[in-house]
Amino acid sequence: MSYYIGIDGGGTKTDFILCNEAGKILAGRRYGSASHKQIGVRGVVELLRGGIRGLLEEAGIADAVKTSGDAPFYGCFGMPMYGEFPEYDRQIEADIKRELAFYHIRVVNDAQAGWAGSLGMQPGINVVAGTGSIGFGVNEEGKTAKAGGWSEFFSDEGSCNWIGRRTVEYFAKEADERFPKGALYYLVRAHLQLTRDMEIIEKIEEEYAPSRDKMASLQLILKEAALAGDVAASYLYEEAAEELSLIVGGVYRQLFDERTCLVSCSGGLFLAGDCILVPFQKKLAEYPVTLIPPRLDPARGALLLASSFGDGKLTAEILEKTENRIKSEVKICI
């Protein structure tokens, strides 16, 4: 019996999932950030070690693995920022190979795990809009390409972190009546417990700006404001949709050369539903693409990649019939 470990790492959370060759999900766990910028190289390796140990214990096979040692494991770690800092990549991969060799873990960019899940390893483009944003695609010839995701300081357009910062900007514009006051203004005041508008400066600079996670969480206020009819909030979702469509376009032009292709999406922003999906689909009309719901979440995408690096027994069709046991990153209907 073979076992597969899928790890979907992110700046905010990391999902671990374990299944057998029949596609049965045996365990699933969620931990914190897998970013070496936030927790360091050793922190990443220890996160993997602890997460895998937790999976085996939850599945009730930890003792059997220790004693038998003959059940093959294949793992895939979708790591945030993989490919951007080669020195850190080499160090993490070397530590994984040395300390977790038994599990045969391959490291890929987390955007690749998103693509593998959303499109079931089929040609097409996946755009991720979670704490950060990035697009990843594969064409019929197997060529890959990315777009976006350069840096949280000058990129990540359309992500929850980007929207969080813009939400604060729009609050300021409503506060001093550059924009008409709407639901966004009052919701931000209530959420941040402001007694004066100017208190937001200290609150954001000291509590939110140092944490991408906290800044990204402000996107939830934007969603509430948009649903309450705030015009500026709806416009900001249109801006995000434009940025995400540009990411899709960047990948498309690198890979598909005027051919049609499928596009799917993953990441917490898409939990905003029609607030983002309606303008996003409208913007994608500029390209010969078809937007489809994701087949699988990124953690199960990592399972498919793990199998493809090993014995190739898992398929998207097999995993579609199983329960994830971790809350799916995206649940949308298009």
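How much space lies in the largest pocket? In this predicted model, the largest pocket holds about 1,000 Å³ of space. Its lining is made up of 46 residues. Gly11, Thr12, Gly130, Thr131 and Gly132 lie nearest the pocket centre. Several elements give two or more residues to this lining. They are helix H1 (36-59), helix H4 (110-118), strand E7 (133-138), helix H8 (212-217) and helix H9 (219-227). H8 provides the largest share, with four residues. By class, the lining of the largest pocket has 20 polar residues, 13 nonpolar residues and 13 charged residues.

Helix packing was examined next. Two packed helices are described by the angle between their axes and the distance between the axes. Three pairs are described here in turn.

The pair H1 and H3 brings back one of the pocket-lining helices. Helix H3 spans residues 86-99. The axes of H1 and H3 lie 9 Å apart, and the packing angle is about 15 degrees. Angles under 35 degrees count as roughly parallel, so H1 and H3 are roughly parallel to each other. Their crossing is right-handed. On the H1 side, the contact is made by His36, Val41, Arg42, Val44, Val45, Glu46, Leu48 and Arg49. On the H3 side, Tyr88, Gln91, Ile92, Asp95, Ile96 and Glu99 take part. The contact of H1 with H3 has seven nonpolar residues, five charged residues and two polar residues.

The second pair is formed by helix H5 (residues 160-175) and helix H6 (residues 183-192). Their axes are also described by a distance of 9 Å, with an angle of about 110 degrees. Angles of 65 to 115 degrees count as roughly perpendicular. H5 and H6 are therefore roughly perpendicular to each other. H5 passes H6 in a left-handed crossing. From H5, the residues in contact are Thr167, Tyr170, Phe171, Glu174 and Ala175. These meet Leu184, Tyr185, Val188 and Arg189 of H6. Six nonpolar, two charged and one polar residue make up the contact of H5 with H6.

The third pair joins helix H10 (residues 231-255) to helix H11 (residues 274-284). Their axes come within 8 Å and cross at roughly 45 degrees. H10 and H11 are therefore oblique to each other. The crossing of H10 past H11 is right-handed. H10 contributes Tyr237, Glu238, Ala240, Ala241, Glu242, Leu244, Ser245 and Val248 to the contact. H11 contributes Cys275, Ile276, Pro279, Phe280, Lys283 and Leu284. By class, the contact of H10 with H11 has ten nonpolar residues, three charged residues and one polar residue.

Methods: Residues numbered from 1 in each chain as written. Predicted model: local features only at pLDDT ≥ 70, side-chain atom pairs only at ≥ 80, totals over all residues. Heavy atoms only, no water. 1 Å grid on protein atoms, 1.4 Å probe; cavity = no way out; pocket = protein on both sides within 12 Å on 5 of 7 lines; lining within 4 Å. Points joined across faces, edges and corners; volume = space filled by probe spheres on them. Nonpolar A, V, L, I, M, F, W, Y, C, P; charged D, E, K, R; others polar. Axes fitted to C-alpha atoms, helices over the stretch in contact; angles between N-to-C directions. Parallel < 35°, antiparallel > 145°, perpendicular 65-115°, else oblique. Left-handed = near helix turned anticlockwise from the far one by under 90°. Contact = heavy atoms within 4.5 Å.
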